[in-house]
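Colleague: I am new to this structure and would love a guided close look at the residue that its database record marks as an active site. Could you take me through that part, and then show me a little of what lies elsewhere in the chain?

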Amino acid sequence: MEHLQLRAFPSNFLWGSASAAYQIEGAWNEDGKGKSVWDEFVTIPGKTYKGTNGAVAVDHYHRWKEDIQLMKEQGLKAYRFSVAWTRILPQGRGEVNKKGLQFYIDLVEELLANGIEPVLTLYHWDLPLALQEEYGGWENRKIIDDFVNYAEILFHTFRDKVNYWVSLNEQNVFTHQGWQIATHPPGKKDPQLFYNVNHIANLANAKVIQKFKEMAMPGKIGPSFAYTPQYAIDSDPKNILAAENAEELLANFWMDVYVYGEYPSVVLRYLKEQGITIDIRPGEMALLRSAKPDFLGLNYYQSATNAWNPLDGIANGDHYQMNTTGKKGTAVESGVPGVQKTVNNPFVETTNWDWTIDPIGLRIALRRMNSRYRLPILITENGLGEYDKLEDGEIHDSYRIDYLRQHVQAIQEAISDGVEVIGYHTWSFTDLLSWLNGYQKRYGFVYVDQDESMEGSLQRIPKDSYYWYKQVIQSNGKIL
């Protein structure tokens with residue numbers, strides 16, 4: 001739809017930015033913090049770009065006041081961050097580490113004192129290593145009670161201070177990369193185990209939402225999903241069917257469970273043909289149906305385009321290659337025989353990491369989610385990872401401004417279409433450690449002097465995009 005006049009952003013719109021504990025905090029073993037699976041995984045040669053790790057990251061643990069002051073000066077309305085489970089419970093369960101909890105109490109108090117709404121993510125991939133070693137972490141249903149226990153500590157601590165809670169961040173990413181392609185901990189390739197792990201994560205997500213409601217917590221809670229809308233390369237019905245297949249397997253398979261407590265029948269039938277059966281036990285589907293979220297979190301970075309892939313066609317295991325180097329054009333197309341294959345879209349540009357740049361895709365994502373689920377949507381991540389160069393003490397990232405401007409416009413168009421969007425969190429506020437891509441792939445409004453050598457000064461320097469977003473916030477989206 002092309003509107004004669006776009007609706008204004010809501011007056012209480014949450015203009016924000018985001019981060020994750022492992023990617024910014026550092027201080028990996030300070031003040032009683034336990035070891036996470038990522039602290040261990042990064043020690044395996046070849047798992048991260050040039051062996052980069054989060055031992056120091058960008059030292060937010062010691063510089064959080066400076067970072068929040070920069071947020072205040074920019075005018076942020078909200079800041080999404082994650083809590084490191086191992087700072088609260090070093091072994092994943094047991095006695096609370098008071099120093100670790102106090103760090104987040106101080107962080108939240110400082111945000112509130114500066115007029116910034118805290119958006120707290122319970123889990124952003126840094127599982128306590130002790131739980132992985134004891135019983136397999138997400139591979140075991142014991143994780144459900146341990147996760148709920150951890151969450152309940154935070155619910156009690158921040159009951160009247162945090163209004164927005166994200167339960168699980170990008171469940172589709174950490175399960176896929178952890179148990180399908182082995183690029184995240186625990187580094188396994190086991191299709192059957194992947195689907196069982198994912199089901200257990202669904203149960204943990206539902207149980208935490210259920211606990212939130214039982215405690216009559218003020219505020220709202222929901223999972224954050226990395227949604228990549230799927231397109232067909234053309235109007236050939238076979239290619240359209242391929243895109244439908246991708247949408248079912250890569251999107252509906254997760255969000256349908258979050259909202260309706262049901263797995264799509266098309267996917268279940270497909271899995272049965274592959275000899276895969278999800279280990280669903282009595283009462284578990286009732287639990288999933290009982291725990292409807294208050295909102296859906298959307299992490300949007302790109303769209304994907306599909307073509308038909310016959311049974312004897314391309315398979316992920318044959319050619320799959322992710323671009324983690326920043327050398328444009330090194331990603332290789334992937335696919336599932338008899339389902340779909342991913343192909344290049346000639347109508348969109350790509351980043352140096354071969355991610356499509358498709359702002360209209362964000363509007364499409366919001367429209368599809370609104371039509372299917374009828375829930376408010378909180379955009380929990382959106383941003384551009386690129387090389388940034390420091391020139392005479394400044395960073396002129398006009399390419400990031402162009403990217404964000406177009407995506408903000410797409411949000412306003414979706415709002416004008418009738419979609420309820422609560423807020424927009426860019427990824428990220430400061431530069432940070434990109435899990436697999438090191439420090440050269442920069443996302444932040446604030447440049448941090450840190451690179452693959454991990455010996456930088458950690459000085460903070462606002463980029464041009466920092467001041468652009470400040471103007472956007474001050475004008476509530478009127479000045480882009």
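Modeller: Happily; what follows starts at the annotated residue and then moves on to salt bridges and a sheet with its helix. Please keep in mind that this is a predicted model.

Let us begin with the record. In UniProt, an unreviewed entry carries the annotation "active site", and that annotation covers Glu381. If you trace the chain to strand β13, which spans residues 377-381, you will find Glu381 there. Is Glu381 buried or exposed? Its relative accessible area is 4%, and Glu381 counts as buried because the cut-off for that word is under 20%.

What surrounds Glu381? Setting aside neighbours within four places in sequence, its contacts include Arg80, His124, Asn169 and Glu170. Leu298, Asn299, Tyr300 and Tyr301 are also in contact with Glu381, as are His425 and Trp427. From that list, Arg80 deserves a second look: its side chain and that of Glu381 are joined by a polar contact of 3.1 Å.

From here we can turn to charged pairs. Side chains of opposite charge can pair when their charged atoms come close. How many salt bridges does the model have? The count comes to 29, and three of them make a good tour.

Start with Asp59 and Arg63, whose closest N and O atoms are 3.2 Å apart in a salt bridge. Asp59 is buried, at 13% relative accessible area, whereas Arg63 is partly exposed, at 24%. The cut-off explains these two labels: 13% is under 20% and so Asp59 is called buried, while 24% falls between 20% and 50% and so Arg63 is called partly exposed.

Next, look at Asp279 and Arg281, whose side chains form a salt bridge with an N to O distance of 3.1 Å. Here Asp279 is partly exposed at 29% relative accessibility, and Arg281 is partly exposed at 42%.

The third stop is Arg400 with Asp397, a salt bridge whose closest N and O atoms lie 2.9 Å apart. Arg400 is buried, with a relative accessible area of 1%, and Asp397 is buried too, with a value of 0%. This pair belongs to one network, in which salt bridges with shared partners join Asp388, Asp397, Arg400, Asp431, Arg442 and Lys463.

Now for the sheet. In what order do its four strands run? The order is β6-β8-β10-β9, in an open sheet with mixed pairing. At the edges are β6 (230-232) and β9 (335-336), each of which pairs on one side only. Strand β6 runs parallel to β8 (residues 304-307), and three bridges join the two. Within that pairing, you can find Tyr231 opposite Thr305 in β8.

Which helix packs on this sheet? It is α10, residues 237-260, and α10 touches β6, β8 and β10 (340-343). The direction of α10 makes about 170° with that of β6.

To finish, step into helix α10 and find Asn252. Asn252 is buried, with 6% relative accessibility. Apart from neighbours within four places in sequence, Asn252 is in contact with Glu247, Val257, Pro264, Arg372 and Tyr373.

How values were computed. Residues are numbered from 1 along each chain as its sequence is written. This is a predicted model: local features need pLDDT of at least 70, side-chain atom pairs count only at pLDDT 80 or more; totals for chains, interfaces and linings use all residues. Side-chain values use heavy atoms; hydrogens and water are left out. UniProt positions are given in the numbering used here, feature names are shortened, and annotations may be inferred rather than shown by experiment. Buried means under 20% relative accessible area, exposed over 50%, partly exposed in between (1.4 Å probe, protein chains only). Contact means heavy atoms within 4.5 Å. A polar contact is a pair of N or O atoms within 3.5 Å; within protein, one must be able to donate a hydrogen and the other to accept it, and residues adjacent in sequence count only if both atoms are side-chain atoms. A salt bridge is a side-chain nitrogen of Lys or Arg within 4 Å of a carboxyl oxygen of Asp or Glu. Two strands pair if DSSP finds at least two bridges between them. Axes are lines fitted to C-alpha atoms, for helices over the stretch in contact, and angles run from 0 to 180 degrees between N-to-C directions.
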